[in-house]
Structure formats: C-alpha cells, structure tokens
Amino acid sequence: MTVSALDRRYMAAAIRLARWHEGRTGSNPSVATLIVREINGAPVIVGRGITAIGGRPHAEPQALAQAGELARGATAYVTLEPCAHHGRTPPCAEALVAAGVSRVVAAATDPDERVSGRGYAILRAAGIEVEEGVLATEAEYDLAGYLTRRTKNRVHVTLKLAISANGKIGRRDGVQVPITGEITRRQVHAMRALADVILIGIGTAINDDPELTCRLPGLEDRSPVRLVLDTQLRLPVGSRLVKSARDAPLWIATAAAQYDRARAGLVECGVKFIASDAHHGRLALPELLEDLAARGLSTVLVEGGAEVARAFLEEDLVDRIVLLTGEADIDGDAVDAPLTPLTVPPSFRPVLSMTYGSDQMHEYERV
C-alpha cells in the first residue's frame, strides 16, 4: 500500500487531537494515536489515544485499549515514532505488535537516541507495514518544543511582539498604550496556555507590572511558569507577579548571591530561583535555556521588551517569531520595535498570517 489522501486525512485528525494536551504532558511530548479499520466497507476510527496529562500513559496503549480486538489487522496513525525503550512498561512499538495491527502510518521521527529508527525497526521486524513522514512538517510544528530539547539540549523559543502601525512597542516614559485589540489579547492568552514558560525581563516586570497568567474562561489553570530575568533581584515584593506566586509558578533567573537579602522576602511569597551567570551585566541565555530543558521544560514564550528581544535575537536563540501589528500609532518618545514584518531576518520563513479583528498576525519559523 502507498500513502493515500485518506492516510493524510487521518493523520491530520491525529495531529489535531494531539493539540488537546499540548503544554500539559510534562517532559513528554503530546502525541496522538488513531486506530482505523474497515467496517462494512468503510474506514472507521475504533480507538483514540493522546498522551495523558503529566506524560503517562502514552497515546498508543490508550488507543489500543479502546480498540480492543478491533485493533487486529487495523492501521495505526501516530504523530510521533512509537517509543522503543523499556521502562516499567513495555515500549509502544511492542504494544502495537502485540495488538496485531497490520500497518502503522507515522508523522515525525523521534530524535531520542533510544528511539530514533528503532521503533520503526521493531514494527517492520514483526511484519508490520510502516509508512514514515506523513504530514511530518505539520506534526513537527506542534512537537517543536520536544524536538528542540532532544536535538539542541535547550528549550524551544517563541518571540512574541506587539507592534504599533508605526513600528513601536511602547513609550519610554512607561505610560501604558494599548497596541492590539481584545481578540488579539485573547489569542495571546491561548498561546500562554500552550507554553511551558513565559519569559520577560526585569524592566518589563517593573514598568508594566504584568501578571502574565492565562485568563481565558476555563483555562485559568493552564498558566505556565512565569520567569523573570532579574540579574540583581530588583523585582518588588509588592508586584502583581510576586503577589500571585502561589497561584501560578514564578521563577527568577538571577546572578545575585545566595545570601542577598532580597531573596528572603521573595521566598516567603513562594518565588523560586534559577542561579545564572552574568556577562557584562546580562544573564547567560544559552545556559539558562539548557537549565530549563534539564528541568523537563520544552517551550518558552518570550514576551519581554526590546532589550530582551534583541538579546535573544543576537544570540541566535529564537526558533519562532510571532508579530502582532495593531492599526494605531504610538506617538511621542516611543521605543522602536526590534523587529517588524519588513525586517525579519532571512534565516526565518513566513509560515502563517491571520487577521484578528483590526490587527494582523504574522508568524515565522527558523529555516
């Protein structure tokens, strides 16, 4: 058999299913599996599975359990190569073999050295037909955090910027000027719900006093870790971030000494710290991203100001760019945007454009 339009249709459905738990599966990626077999002359989904919240169990055993005996002779659609390494439970590739599926259609290959290619090898050795790379690009878009952590040993970074019509991101005097409308702001909250970490600099934390939580109805519990780059521990205890530290995790990356007196008040409020090196007054970002990956985190949404955005761009640490452009200008002494749709580096390619009310969204991926 060869890959058909029907294969692509079911794989697209599996990719959509995997998004339900994106950002909620711990150090494991959110993967989906569909078990499809022909019943009365028509293909029918007889089993569905998605990586459980927290990361276990995996998608394949859940889909196979739902399918039961109907899995025998069926086709399994998986968004990521089935795992091949033994733990307390057998690998998913062996579970598919034991269930008697006759064909596996897979999207992305797992770069984990314990799996890469081995999952497919187990299936083929058992006589199962395997089709690799079906809608791989689409699957890899959603798996980008996991894939980056496995291949680069760091978290995946999305830089998000809201830009006025005249290419500004705010006023230098700190006066808050709305750049985008309500629809766009809700989209940003949805982005937060899918991220492991939201990152800002201390300047934004002090000037804007943000809360950085997800405040969409029904998604309040999806607020990710909020991380502030604060070299010298200047974040006020009375800030909205600190006051809500027990409701949504708040971490501070700092080069301040362990005995710094500012720590005590922050610790009492529930703040946690990441010890970081500083060079020329700036925290070492590559090492910080590696430290986050070592903690099992995969995705960071950078919402900081111009200085933080430029720091990530200069160190070539940005994987995805999201530019949100409003229709109004910011007058007076305003801050230039470090990026606009006209100045995106050639190392990024456009992948998506959307209209949110009167605002425009442009998204770019590293080539």
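For the charge count used here, Lys and Arg are positive and Asp and Glu are negative, while His and the chain ends are left out. Counted that way, the protein chain carries 41 positive and 46 negative side chains. The centres of these two sets lie 3 Å apart. Keep in mind as you look around that this is a predicted model.

Now let's step back to the overall fold. The protein chain is built from twelve helices and 18 strands. Its radius of gyration is 23 Å, close to the 21 Å that the globule rule gives for 367 residues, so the chain is as compact as a globular protein of that length. If you draw a box along the principal axes, the C-alpha atoms fill roughly 70 × 45 × 35 Å.

What about the inside and the outside? Of the 367 residues in the protein chain, 52% are buried. The accessible surface comes to about 17,100 Å², and carbon and sulfur atoms account for 50% of that area. The contacts tell you how the chain comes together: among those between residues at least 6 apart in sequence, 71% join residues at least 24 apart.

Finally, let's zoom in on one residue. Where does Ser 239 sit? You will find Ser 239 in the loop between β9 (225–229) and α9 (240–243). Is Ser 239 buried or exposed? Its relative accessible area is 4%, and buried means under 20%, so Ser 239 counts as buried. The side chain of Ser 239 also has a partner to look for: it reaches the backbone oxygen of Pro 236 at 2.9 Å.

Technical notes: Residues are numbered from 1 along each chain as its sequence is written. This is a predicted model: local features need pLDDT of at least 70, side-chain atom pairs count only at pLDDT 80 or more; totals for chains, interfaces and linings use all residues. Side-chain values use heavy atoms; hydrogens and water are left out. Helices (H or I, at least four residues) and strands (E, at least two) are DSSP runs, numbered from the N terminus. The radius of gyration is taken over C-alpha atoms; the globule rule is 2.2 Å times the number of residues to the power 0.38. Buried means under 20% relative accessible area, exposed over 50%, partly exposed in between (1.4 Å probe, protein chains only). Contact means heavy atoms within 4.5 Å. Accessible areas come from the Shrake-Rupley method with a 1.4 Å probe; for residues, only the protein chains shown count as cover. The place of a charge is taken as NZ of Lys, CZ of Arg, CG of Asp or CD of Glu. A polar contact is a pair of N or O atoms within 3.5 Å; within protein, one must be able to donate a hydrogen and the other to accept it, and residues adjacent in sequence count only if both atoms are side-chain atoms.
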